[in-house]
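Let's take a walk through this protein together, one stop at a time. Have the sequence and the 3D view ready, and look up each residue as we reach it.

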Amino acid sequence: MRRLAGLPSWLRLLIGGGVLGLIVVVIAVIVLVASASDAAYEQPIAFKHSVHAGDFGIPCQYCHVGVAKGPAATIPSVAKCAGCHESGVTPELVSADGDEIAKLLDYWERQEPIPWKRVNVQPSYVHFNHSSHIAAGVGCGSCHGDIANMDRVEPAALLNMGFCLGCHAQQENKDALWDCSVCHY
Ligand code: HEC
Ligand code: HEC
Ligand code: HEC
Ligand code: HEC
Ligand code: HEC
């Protein structure tokens, strides 16, 4: 601050205030982004992949029925959840108790879809198709990480263009898979 000593006091104030203001803004933005991204993956029901796909080994495709058939993996309907969780259906295996199960059965009773928040979303100008990847033997984990051990799904890899091209570069038909029109049209 020594060098500032020669400046008029109003200018020193402006510089000092500006720096302080900038620091405050930067901190505010960091806090906002951190809390927003945490809240973004909070789901209406605390559904755990670690219990279903992990402990009980329910196959991914039992719930994500579209994944090998077309572009979207699809999220199971509340009817599918109720199929196991409604009391009396499979009492020896699945409990119908607990706050989270109660929430699920409320949706089922109201015949209302559970408003799951999307975690991985591509911009509309990107063409992505699950089925061609599954057919080529690319595992879910390459793009989504170790879902079977997650209590709550979070994006494992940033599914951006560099990530897509990085893997396409390793394929035999690299040139075709790097063509802009493969993903953008
Ligand atoms: C090559 C990368 C890749 C692989 C492999 C992959 N996914 Fe995805 N997945 C994505 C991308 C990208 C999105 C976002 C797509 C969008 O927004 O259109 C996504 C979205 C999803 C969604 C959100 C809902 C939907 O309908 O798409 C689910 C569920 C999902 N994937 C499950 C799976 C499962 C289960 C597997 C394995 C059987 C799998 N994915 C394999 C990249 C992949
Ligand atoms: C194939 C049967 C099956 C299906 C389908 C199923 N579940 Fe479960 N679920 C289980 C089993 C098994 C457990 C673990 C035993 C228990 O808690 O009763 C469980 C546990 C739970 C729990 C308590 C987990 C915990 O310990 O925190 C919740 C909440 C839950 N499931 C929600 C759902 C939702 C939401 C769906 C639909 C997307 C769903 N389940 C679909 C079998 C199933
Ligand atoms: C019992 C049903 C069930 C099974 C089995 C299951 N899932 Fe899911 N999956 C869901 C539900 C419900 C959601 C939406 C809520 C959430 O994100 O937790 C979901 C969400 C996801 C998402 C995030 C979707 C998005 O918005 O981007 C991915 C990725 C995913 N599952 C992958 C898998 C993989 C991989 C497996 C197998 C290891 C698997 N799932 C097994 C029910 C299931
Ligand atoms: C882990 C490796 C891997 C990643 C990551 C990956 N891909 Fe692929 N992709 C493949 C393979 C393998 C094929 C199939 C090549 C074939 O059939 O010749 C393919 C094929 C494609 C095709 C052509 C077939 C079709 O569905 O029309 C498109 C488009 C595509 N990928 C888009 C994407 C996008 C978008 C991403 C990023 C979100 C992505 N891929 C990430 C491995 C990958
Ligand atoms: C394998 C799939 C794939 C191929 C091939 C591909 N892109 Fe992309 N591109 C993407 C994805 C995914 C995104 C979204 C990026 C994100 O969300 O960060 C994207 C985003 C973009 C954007 C927007 C960037 C931004 O920051 O808004 C431009 C521009 C673009 N791509 C141009 C191209 C051009 C030019 C080519 C050919 C040289 C190409 N892409 C080839 C997958 C691809």
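Start at Ala53, which sits in helix H2, the stretch covering residues 49-55. Keep in mind as you look that this is a predicted model. Is Ala53 buried or exposed? Count its surroundings: Ala53 has 20 C-beta neighbours inside 10 Å. A residue needs 20 or more to be called buried, so Ala53 counts as buried.

Who are those neighbours? If you skip the residues within four places of it in sequence, Ala53 is in contact with Ile58, Cys60, Ile147 and Ala148. Now find Asn149 as well. Ala53 and Asn149 are 96 residues apart along the chain, yet 8.0 Å separates their C-alpha atoms.

Let's zoom out for a moment. The protein chain has 10 helices and zero strands, so if you read from the N terminus, the elements simply go α-α-α-α-α-α-α-α-α-α. How much of the chain is buried? Buried residues make up 5% of its 185 residues, and Ala53 is one that counts as buried. As for contacts, take those in the protein chain between residues at least 6 apart in sequence: 56% of them join residues at least 24 apart.

Next, go to helix H4, residues 78-85, where the buried residues are Val78, Cys81 and His85. They cover an arc of only 60 degrees around the axis, which means that they lie on the same side of H4. And what covers these buried residues? Part of the answer is H5, which is included in their cover.

Since we've met H5, let's check its length. Helix H5 runs over residues 99-110, which is 12 residues. At 1.5 Å a residue it should span 16 Å, and its end C-alpha atoms are 17 Å apart, so the two values agree. Step just past the end of H5 and you land on Gln111, which takes a positive phi of about 55 degrees.

Carry on into the loop between H5 and H6, and you'll find Ser124 there. This residue makes a nice contrast with our starting point. Ser124 has 6 other C-beta atoms within 10 Å, so it is exposed, whereas Ala53 counts as buried. Ser124 also has a partner to look up: His184 is 60 residues away from it in sequence, and the distance from C-alpha to C-alpha is 9.4 Å.

Now for the ligands. There are 20 residues around ligand 4, and Asn129, Ser132, Ala136, Cys164 and Cys167 come nearest. Which helices supply at least two residues each to this shell? They are H6 (130-135), H7 (140-144), H8 (161-168) and H10 (180-183). H8 gives the most, with four residues. Sorted by class, the shell around ligand 4 holds 12 nonpolar residues, eight polar ones and no charged ones.

Finally, move over to ligand 5, which is surrounded by 13 residues. The closest are Asn160, Met161, Cys164, Cys180 and Cys183. You may remember Cys164, since it was also listed among the residues that come nearest to ligand 4. Here H8 and H10 each supply at least two residues of the shell, and the largest share, four residues, comes from H8. The classes in the shell around ligand 5 are nine nonpolar, four polar and no charged residues.

Key:
Residues are numbered from 1 along each chain as its sequence is written. Chains are lettered from A and ligands numbered from 1 in the order in which they are written. This is a predicted model: local features need pLDDT of at least 70, side-chain atom pairs count only at pLDDT 80 or more; totals for chains, interfaces and linings use all residues. A residue is near a molecule or strand if its C-beta atom, placed from the backbone, lies within 6 Å of it. Ala, Val, Leu, Ile, Met, Phe, Trp, Tyr, Cys and Pro count as nonpolar, Asp, Glu, Lys and Arg as charged, and the others, Gly among them, as polar. A residue is buried if 20 or more other C-beta atoms lie within 10 Å of its own, exposed if 12 or fewer, and partly exposed in between; C-beta atoms are placed from the backbone. Two residues are in contact if their C-beta atoms, placed from the backbone, lie within 7 Å. The expected span of a helix is 1.5 Å times one less than its number of residues. The arc is that of the directions from the helix axis to the C-beta atoms.
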